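Dear colleague,

Please find below the structure that I am handing over to you, with its sequence. A summary of the findings follows it.

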Amino acid sequence: DVIATTLPVAEAHWSKWKVAGKETPPRGYAFAAVVVDPATTANVYAVHLKSNYGATTKEIAALNRAKRTHAIAQLVEQERKKRGRPFRPVVVAGDMNADRWGKDFKDEELFGLLEKADFANPLADLPANARGTHPSKRYGDSALDYIFCRGLRSVDLPRIVPNDELSDHYALFVLLW
């Protein structure tokens, strides 16, 4: 995971996810506190959550879901509005490895956690047939990549851009303000 920006960076680090026994998410996240304007710094997280690759049983699929849920629950808790702490806009972006609208992902909790914590999902502004960030002839296109935001808003529709086979995912761009 990486955060690339032309804005000034007040702080940057990365972290592994908190330990949660067998449900501990793999990898971790990149973080940058980005100075949006002289009075505003936004906390930005780049993530790549647990995939469903190899989920050959319901038990393995449930474990993968739990790992994704733990990761997002950790970020939501870290960014919980706390008394005495200045408000900062927050962006959580990356490969969630789950499709908000896909029938195979109906049991995902991560989207509900983000919605409950007031994160907007700009990808929802696109029509269903234009949300595919992971093209697949076999399974149909899926929306696996997202840019969630709180305290910022998208000023235009998201753009999904093919990447000349650099990745099996398309690039997702959202202009936030």
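Please note at the outset that this is a predicted model. I begin with the end of the chain: L175 lies in the segment that follows β7, the strand of residues 171-173. The side chain of L175 is exposed, as its relative accessible area is 56%. Together with V155 and W177, L175 forms a nonpolar patch on the surface, and the three residues share about 350 Å² of accessible area.

**Overall architecture**

The protein has two helices and seven strands. Read from the N terminus, these elements follow the order β-β-β-α-β-α-β-β-β. The C-alpha atoms occupy a box of roughly 50 × 40 × 30 Å along the principal axes. For 177 residues, a compact globule would be expected to have a radius of gyration near 16 Å, and the protein agrees with this at 16 Å.

Of the 177 residues, 42% are buried. The accessible surface of the protein amounts to about 10700 Å², and carbon and sulfur atoms account for 54% of that surface. As to contacts between residues at least 6 apart in sequence, 61% of them join residues at least 24 apart.

**Salt bridges**

Side chains of opposite charge can pair when their charged atoms come close. How many salt bridges does a search of the whole structure find? The search finds seven, and three of them are described here.

One of the seven salt bridges joins E108 and R68, whose closest N and O atoms are 2.4 Å apart. E108 belongs to the loop between β4 (90-95) and α2 (110-116), whereas R68 belongs to helix α1 (residues 58-78), so this salt bridge ties together parts of the chain that are 40 residues apart in sequence. Are these two partners buried or exposed? E108 has a relative accessible area of 10% and is therefore buried, since the limit for a buried residue is under 20%. R68 is buried as well, with a relative accessible area of 1%.

A salt bridge is also formed by the side chains of K81 and D118, with an N to O distance of 3.8 Å. This pair links distant parts of the chain, 37 residues apart: K81 is in the loop between α1 and β4, and D118 is in the loop between α2 and β5 (145-150). Both K81 and D118 are exposed.

The third pair to report is R100 with E115, a salt bridge in which the closest N and O atoms lie 2.9 Å apart. Here R100 is in the loop between β4 and α2 and E115 is in helix α2, so that distant parts of the chain, 15 residues apart, are linked. R100 is partly exposed, with a relative accessible area of 33%. E115 also counts as partly exposed, at 41% relative accessibility.

**Aromatic residues**

A pair of aromatic rings is described by the distance of the centres and the angle of the planes. The count for this structure comes to seven aromatic pairs. In the pair of F111 and F148, the ring centres are 6.3 Å apart and the planes stand at 50°, so the pair is classed as tilted. Because F111 is in helix α2 and F148 is in strand β5, this pair ties together parts that are 37 residues apart in sequence. Both rings belong to buried residues, F111 and F148. In addition, W17, Y29, F31 and Y45 form one aromatic cluster.

**Two strand residues**

G94 is found in strand β4. Which residues does G94 touch, not counting those up to four places away in sequence? They are V47, L144, D145 and Y146. The C-alpha atoms of G94 and D145 are 5.4 Å apart, while the two residues are separated by 51 residues along the chain.

A171 lies in strand β7 and counts as partly exposed, at 27% relative accessibility. Apart from its neighbours within four places in sequence, A171 is in contact with R159, I160, V161 and N163. Between the C-alpha atoms of A171 and K67, which are 104 residues apart along the chain, the separation is 24 Å.

Yours sincerely

How values were computed
Residues are numbered from 1 along each chain as its sequence is written. This is a predicted model: local features need pLDDT of at least 70, side-chain atom pairs count only at pLDDT 80 or more; totals for chains, interfaces and linings use all residues. Side-chain values use heavy atoms; hydrogens and water are left out. Patches are made of residues with over 30% relative accessible area and no salt bridge: like charges are joined within 9 Å, nonpolar side chains (Val, Leu, Ile, Met, Phe, Trp, Tyr) within 5 Å. Accessible areas come from the Shrake-Rupley method with a 1.4 Å probe; for residues, only the protein chains shown count as cover. A salt bridge is a side-chain nitrogen of Lys or Arg within 4 Å of a carboxyl oxygen of Asp or Glu. Helices (H or I, at least four residues) and strands (E, at least two) are DSSP runs, numbered from the N terminus. Buried means under 20% relative accessible area, exposed over 50%, partly exposed in between (1.4 Å probe, protein chains only). The radius of gyration is taken over C-alpha atoms; the globule rule is 2.2 Å times the number of residues to the power 0.38. Contact means heavy atoms within 4.5 Å. Rings of Phe, Tyr and Trp (its six-membered ring) pair if their centres lie within 6.5 Å; planes under 30 degrees apart count as stacked, over 60 as edge-to-face and the rest as tilted.
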